[in-house]
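Please open the model in your viewer and keep the selection tool at hand, as this tour goes from one selection to the next.

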There are 2 protein chains.
Amino acid sequence: MTESVLAPTIYQNFDTRSDPHHVAPRLRALRAELAASRLDGFLIPRADAHRGESVPLGEARLAYVTGFTGSAGLAFVGIKKAALFVDSRYTIQAPAETNTRLVNVVEVSPATLGEKLRKFVPQGGRIGYDPWLHTPAEIKELGEKLKDRAVLVPTSNLVDRIWTDRPGAPVSPVEFLGHNRAGRSSAEKLADLRKTLADENVDATVLTLPESICWLFNMRGRDVPNTPFVLGFALVPRKGRPTLYLDKAKISPELKEGLGGVATVADARTMMAALRRLGGADKRVLLDPATCPIAIIDAIKGVSQAVIVEKRDPVLLPKARKNEVEIGGMKEAQRLDGVAMAKFLCWFDLEAPKGKLTEIDIATALESMRREEPSLVDLSFDTIAGAGPNGAIVHYRVSRSTNRMLKPGELMLVDSGGQYLSGTTDITRTIFTGKATAEQKDRFTRVLKGMIAISMARFPTGTSGAQIDVLARQFLWQDGITYNHGTGHGVGHFLSVHEGPAGISSRYSTPLEPGMILSNEPGYYKEGAYGIRIENLVLVVESPVGQGKFLEFETLTLTPIDLRLIEEKLLTEPERDWLNAYHKRVWKEIGPLVKGEVKTWLKEATSRA
Amino acid sequence: MTESVLAPTIYQNFDTRSDPHHVAPRLRALRAELAASRLDGFLIPRADAHRGESVPLGEARLAYVTGFTGSAGLAFVGIKKAALFVDSRYTIQAPAETNTRLVNVVEVSPATLGEKLRKFVPQGGRIGYDPWLHTPAEIKELGEKLKDRAVLVPTSNLVDRIWTDRPGAPVSPVEFLGHNRAGRSSAEKLADLRKTLADENVDATVLTLPESICWLFNMRGRDVPNTPFVLGFALVPRKGRPTLYLDKAKISPELKEGLGGVATVADARTMMAALRRLGGADKRVLLDPATCPIAIIDAIKGVSQAVIVEKRDPVLLPKARKNEVEIGGMKEAQRLDGVAMAKFLCWFDLEAPKGKLTEIDIATALESMRREEPSLVDLSFDTIAGAGPNGAIVHYRVSRSTNRMLKPGELMLVDSGGQYLSGTTDITRTIFTGKATAEQKDRFTRVLKGMIAISMARFPTGTSGAQIDVLARQFLWQDGITYNHGTGHGVGHFLSVHEGPAGISSRYSTPLEPGMILSNEPGYYKEGAYGIRIENLVLVVESPVGQGKFLEFETLTLTPIDLRLIEEKLLTEPERDWLNAYHKRVWKEIGPLVKGEVKTWLKEATSRA
């Protein structure tokens with residue numbers, strides 16, 4: 001689920017994205033800037049100030065300097081050494097994209113980043129960082145790890161000084177969601193937020209996440225690929241009108257009208273002065289240390305006695321609890337996506353046996369079928385289409401240089417989704433052509449059993465995703481295997497395909513609540529051989545059992561699961577019943593929306609297991 | 001699992017333990033001391049300086065003042081008001097034991113204690129506490145909650161001033177475990193501990209938990225009921241000999257010889273001076289803020305620049321990972337206990353149908369059958385024997401005033417255990433007489449399915465008990481019900497029946513490791529009707545699957561589970577197979593050790609489901 005850095009198109013592109021030849025001259029230019037600034041190094045993170053998975057072109061500094069286009073990472077450029085720190089997803093991609101003679105690629109986890117960075121930092125060094133691109137939590141952690149070795153120094157961004165043709169901030173049209181799409185007015189959402197601010201005994205909060213701001217003001221934009229963001233900041237006082245800070249070029253009469261009088265719009269360049277004034281009055285300001293740029297905290301703290309109250313962004317939780325209208329939109333989006341997936345799977349079953357399909361053919365066909373629906377706005381992420389061994393690379397992105405022909409007997413992992421005006425989708429199906437082996441069927445069935453266990457789970461109010469994660473893993477664990485990713489993440493309503501604060505994995509301690517929409521996607525990956533993942537979106541709903549104190553999931557995704565990959569004898573009766581009921585529902589909901597050979601295919605694909 | 005405060009006997013006693021008439025004069029005396037000390041209140045916790053579940057007679061200050069004999073709680077005695085704060089287990093027992101006209105009984109959780117205490121504390125008050133009986137974590141938390149209202153002031157213990165006939169410190173014989181029982185010498189364990197201290201870059205640690213000290217020095221005592229503790233403290237420097245601080249009366253030539261030259265023994269009263277000297281050299285000292293008394297921290301910090309490094313007691317984890325000899329001892333103890341349980345269950349099946357058995361009859365019979373084994377040293381806790389509705393009280397203690405006759409058709413929950421020289425046991429069986437209802441069988445079977453799910457679980461190295469807890473709950477959750485206690489706790493080797501740092505519940509994030517022994521005890525409680533719990537001890541072992549990267553459980557407890565309470569159609573084939581294999585093993589291991597009617601009974605009880 002990486003972003004498209006080089007071309008702002010809604011079509012997935014399959015270019016090999018980076019050119020390692022740029023690395024040497026850019027490092028040279030950056031080192032000249034280091035010398036001019038009397039710094040011994042500079043940190044270049046993947047993130048922009050808004051912490052999104054996609055960043056606009058002008059914020060892709062990590063790719064500009066190192067060539068690495070992954071969705072997470074941090075480079076350190078010192079006077080002599082340079083290093084690129086990536087997580088385990090990117091240990092193949094990063095060396096392929098950068099110049100490894102000049103840049104050391106180092107695998108890290110959040111826990112080991114500091115100590116691994118320490119080895120590249122000169123003793124007594126002054127290391128610069130851009131305070132707009134780091135959170136206080138990050139800098140505190142790194143500072144502690146570098147203690148007695150180097151100091152971290154905020155500075156203006158050195159990359160921007162050498163990036164002469166750096167693209168400007170995106171200016172895309174802003175749309176406002178009416179009540180029929182948002183379900184609640186911005187005024188109502190603001191009233192709730194003000195109540196939260198009162199409960200937390202704070203005078204204001206600064207929102208820096210576009211998903212929070214877009215949701216709060218019922219607006220969407222096209223500033224970055226894959227996610228309908230308007231990039232900006234918002235200052236929300238407990239009393240009085242909030243201010244939305246946007247790039248000046250975006251401020252139009254239509255925008256002001258669309259905000260319906262609930263917020264003032266101001267040029268982003270005026271924000272810092274406003275924050276300093278805010279602090280000057282000895283206020284208590286709620287900020288999220290996990291996502292707020294240090295620059296904002298410093299602006300508030302720097303001038304006054306203002307107390308920073310560190311709490312999670314107060315919009316994340318209400319946003320995750322979708323209202324009835326948002327739920328209706330998400331259901332509509334899954335139906336539209338179900339139609340596209342039915343067309344795609346039917347096409348695949350016809351074409352794949354000919355043995356000529358490549359990963360790019362498959363991703364292109366799927367996108368074209370999604371695009372038959374006029375309300376599709378974008379893909380929610382670049383389709384992951386991994387044939388055979390490529391399927392075992394969890395965040396695989398197909399490019400012309402990696403593109404692989406699907407051979408009979410190989411599994412094909414297709415993880416994809418769309419941004420429809422009604423909502424966001426995210427679905428994975430593992431498909432195949434030829435004859436599956438006993439091992440492939442065993443693994444597929446264990447993954448499916450885990451997916452069904454989550455689908456059928458019931459749990460008391462207050463239960464977190466961390467507590468139920470094992471239900472998805474237990475059948476793989478019985479055979480001594482597992483998968484190294486979470487079982488599920490939150491999904492936004494026509495917003496981020498990955499959203500917090502709830503999810504299903506050991507790191508999600510937030511209790512699940514009615515209205516939350518999560519992915520349910522266990523998998524299994526055999527390196528060098530194949531990958532299996534089955535993913536549906538599920539909605540948290542009140543359970544009919546447990547006297548109002550229990551919750552369960554309602555599955556939203558409407559696409560058949562390939563019965564030919566199931567090892568019959570591993571399924572229990574309740575699991576088979578679930579699968580048959582699911583397929584019956586898929587037929588009932590999608591059948592009337594498709595015709596001809598697709599309808600025939602769907603009838604067959606949803607027949608009883 | 002409460003302790004016996006009034007009589008130091010290895011026999012469980014069933015007295016109604018406290019007399020509310022003492023409360024008035026003792027509060028009066030304490031208030032005179034408050035006035036003399038110019039204090040506005042005093043805190044009286046249940047804990048002693050060693051944080052054990054059982055405390056010696058002279059440390060039972062909470063019971064002395066309030067009459068309340070539960071295993072956890074805190075009293076506040078102010079000039080005018082007094083309050084007793086207890087958790088949800090004790091909301092029935094506490095009011096029954098204290099004088100509720102003089103003492104407000106208030107239910108609290110750890111999260112709400114501070115704010116509820118605040119309501120009883122006078123504005124501007126000085127509240128005394130004994131720094132030996134509180135941890136820094138506790139006082140910090142309470143201090144924050146009382147901020148702007150009252151200050152907490154360390155003082156000598158006011159209760160001790162009024163408790164004229166207060167029993168002295170216990171002086172019980174100390175035994176040393178030879179290599180055949182401990183498996184590793186104290187010198188080896190100390191070498192490991194010193195390595196940990198080096199890794200943590202500290203110069204010394206002070207151990208305050210008797211389980212840590214007893215394990216480290218391979219010694220056991222009888223200072224408190226139920227757990228073979230020697231009460232004391234130990235100072236372990238990274239270099240040089242550790243010092244064991246004990247009550248002077250305990251120090252004998254045999255003790256010194258038993259320590260085999262690995263440790264010096266000193267009078268407990270000399271410890272504070274030694275700690276002050278330790279601090280004086282600007283040392284780094286590792287202390288566990290969750291269990292170390294403030295008095296010790298103050299002694300070290302008070303005089304010098306010593307740095308306190310707050311970490312978990314470094315003995316807890318190695319102690320929890322039992323070695324082969326300890327595991328062998330624990331298995332032997334479960335066999336001995338299996339014999340006693342077989343005798344008991346046979347007796348029960350013969351006697352119960354007559355309809356005359358009371359809870360006390362049942363607990364007494366079980367203890368007498370355990371005591372037929374000469375290596376039994378004590379019960380590991382007072383047997384919980386709850387008939388019918390009493391079974392639904394999770395920490396029920398039968399006394400003459402609550403004793404209940406078991407009626408036909410009622411379930412009987414029996415949770416019990418022994419301290420054998422070879423190891424500690426803890427087992428719960430739910431038994432019955434008459435005819436079980438369909439609902440009882442349904443609930444029993446769901447609890448059993450959860451117990452079996454844990455028994456059969458496999459999981460990757462690094463998995464915590466928090467992650468697998470849901471396996472035990474899932475079948476109850478499916479029907480909208482649950483239980484409000486952990487699924488499992490650690491169990492010591494001839495030591496505490498509850499030990500950290502691992503367990504099975506959402507609060508145990510410590511990874512499970514080979515050699516850990518845990519209880520596996522899901523339950524279900526229907527208030528006013530019945531309680532069900534099924535508990536085995538399990539050992540964490542490497543799994544034959546998963547290429548050395550997976551773990552699983554080996555069940556240690558050897559006692560049949562009542563097949564007559566099972567709803568056949570709820571069991572899956574793998575569950576039935578597990579149960580049959582378990583019963584086959586019980587018969588194979590316990591069958592040869594019993595005779596006559598017990599053998600006949602066991603044969604029948606372990607027949608195929």
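Begin where chain B meets chain A, keeping in mind that this is a predicted model: across this interface, 4 residue pairs are found in polar contact, with both residues at pLDDT 80 or more. On the side of chain B that touches chain A, select β21 (458–460) and α17 (465–477) of chain B, the elements that give two or more residues to that side, and notice that α17(B) gives the most, with 6 residues. The count of salt bridges between the two chains is 0.

Next, widen the selection to the whole contact, which takes 21 residues from chain B and 21 residues from chain A. The area buried between these chains is about 1,700 Å², and carbon and sulfur atoms give 60% of that area. Within chain B, pick out B:Gln467, B:Trp477 and B:Gln478, which lose the most area to chain A and together make up 35% of what that side buries.

Now turn to the largest nonpolar core, which has 163 residues and in which A:Phe553, B:Phe344 and B:Phe553 have the most contacts. Helix α14 of chain B, residues 324–351, gives the most to this core, with 8 residues. Centre the view on A:Phe553, whose contacts beyond its neighbours within four places in sequence include A:Ile454, A:Phe459, A:Leu512 and A:Val540.

Finally, select strand β20 of chain A, residues 427–432, where 6 of the 6 residues are buried. A:Ile427, A:Arg429 and A:Ile431 point one way from this strand, while A:Thr428, A:Thr430 and A:Phe432 point the other way. Add strand β17 of chain A, residues 411–416, which runs antiparallel to β20(A) and is joined to it by 6 bridges; here A:Asp415 stands opposite A:Thr428.

How values were computed
Residues numbered from 1 in each chain as written. Chains lettered and ligands numbered in written order. Predicted model: local features only at pLDDT ≥ 70, side-chain atom pairs only at ≥ 80, totals over all residues. Heavy atoms only, no water. Buried < 20%, exposed > 50% of the residue type's maximum accessible area, 1.4 Å probe, protein only. Helix = DSSP H or I, 4+ residues; strand = E, 2+ residues; numbered from the N terminus. Pairing = 2+ DSSP bridges. Core = buried A, V, L, I, M, F, W, Y, C linked by side-chain atoms within 4.5 Å. Contact = heavy atoms within 4.5 Å. Buried area = accessible area lost by both parts, 1.4 Å probe. Salt bridge = Lys/Arg side-chain N within 4 Å of Asp/Glu carboxyl O. Polar contact = N/O pair within 3.5 Å; in protein donor to acceptor, adjacent residues only side chain to side chain.
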